[in-house]
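Colleague: Please take a close look at the charged side chains in this model, beginning with one that lacks a partner, and then set them against the strands and the surface around them.

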Amino acid sequence: MLIKTLPVGQLETNCYILTDENSKKCAIIDPGAEANTILDYIESNSLTPVAIFITHGHFDHIMALEELVEVTEIPIYIHELEYDKDAKGNRHKLSTDSKLNFYREGDELEIGALKVTVLETPGHSLGSVTLKCEDALFTGDTLFSGDCGRTDLEGGSYPTMLKSLKRLADLDGNYEVYPGHDESTTLDNERKFNRNMREALGHF
């Protein structure tokens, strides 16, 4: 498994390219902007993109979506509660319905030999998900290094966020955490030092 981080757009959203190194098949996670940057990386490494995974539907995570689908013709996966026909609130209208697929809790998707499992982790938005693949968690704007996503936008809820953080904290073992913004971290580190996660675990 190979993970490439591409900070894109004015908000430096982390777009991830998740690759099965044997087959060279890859998934694009949260293409927030700069479709050319994403496509250049894929082409220069001779990768075959097979899917786009969206952790949630806020504009800064999907602005390159339509251009990527136009070029690659690969399917999009997003939680149904994140689908927005009208672009209300902090969202961006999705107009690529023909390639749209809805995933939910427990779904498993294959990228070559890699298996990606969907965990529903609402709080930042109603349909936020975390994607688990081997020892990696792609947490979107649910869990950051030392923090969690804001909960004051449409569909956000701090009590719900705490439940999602507890759910992640309760996963067995340690994981590399790849958040929607800023640097990566580890689940063990967040269990110890993330105030929000510690609150979710009842340490305050």
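**A buried acid and its surroundings**

Modeller: Asp 20 is buried but takes part in no salt bridge, and Lys 25, the nearest side chain of opposite charge, is 7.2 Å away. Here buried means under 20% relative accessible area, exposed over 50% and partly exposed in between, with a 1.4 Å probe and protein chains only; a salt bridge needs a side-chain nitrogen of Lys or Arg within 4 Å of a carboxyl oxygen of Asp or Glu; and Lys and Arg count as positive, Asp and Glu as negative, with His and the chain ends not counted.

This is a predicted model, in which local features need pLDDT of at least 70 and side-chain atom pairs pLDDT 80 or more, while totals for chains, interfaces and linings use all residues. Residues are numbered from 1 along each chain as its sequence is written, and side-chain values use heavy atoms, with hydrogens and water left out.

Asp 20 belongs to strand 2, residues 13–20 (strands are DSSP runs of E of at least two residues, helices runs of H or I of at least four, both numbered from the N terminus). Leaving aside residues up to four places away in sequence, Asp 20 touches Lys 25, Ile 111, Gly 112, Ala 113 and Leu 114, contact meaning heavy atoms within 4.5 Å.

Ile 111 leads to the sheet, since strand 7 covers 108–111 and is one of its edge strands, the other being strand 14 (185–186), and each of these pairs on one side only. The open sheet has six strands in the order 7-8-9-10-13-14, with mixed pairing, where two strands pair if DSSP finds at least two bridges between them. Within this order, strand 10 (residues 136–140) and strand 13 (residues 176–179) run parallel and are joined by four bridges, and Phe 138 stands opposite Tyr 178 of strand 13.

In contrast to Asp 20, other charged side chains do find partners, and the count comes to five salt bridges. One of them joins Glu 108 to Lys 115, with the closest N and O atoms 3.7 Å apart; Glu 108 is partly exposed at a relative accessible area of 49%, and Lys 115 is likewise partly exposed at 43%. Another links Lys 166 with Asp 170, with 2.6 Å between the closest N and O atoms; Lys 166 is partly exposed because its relative accessible area is 37%, and Asp 170, at 44%, is partly exposed as well. Asp 188 and Arg 191 make a salt bridge too, their closest N and O atoms also lying 2.6 Å apart, and both residues sit in helix 4 (residues 187–193), three residues apart, or about one turn of the helix. In that pair Asp 188 is partly exposed at 31% relative accessible area, whereas Arg 191 is buried at 18%.

Elsewhere, Glu 70, in helix 2, counts as exposed because its relative accessibility is 67%; its C-alpha is 15 Å from that of Thr 37, which is 33 residues away in sequence. In the loop between strand 4 (48–53) and helix 2 (65–72) lies Phe 59, which is partly exposed at 33% relative accessibility. Together with Leu 11 and Met 63, Phe 59 makes a nonpolar surface patch of about 270 Å².

Notes. Patch = residues over 30% accessible without salt bridge, like charges linked within 9 Å, V, L, I, M, F, W, Y side chains within 5 Å. Areas by Shrake-Rupley, 256 points an atom, 1.4 Å probe, with all protein chains shown as cover.
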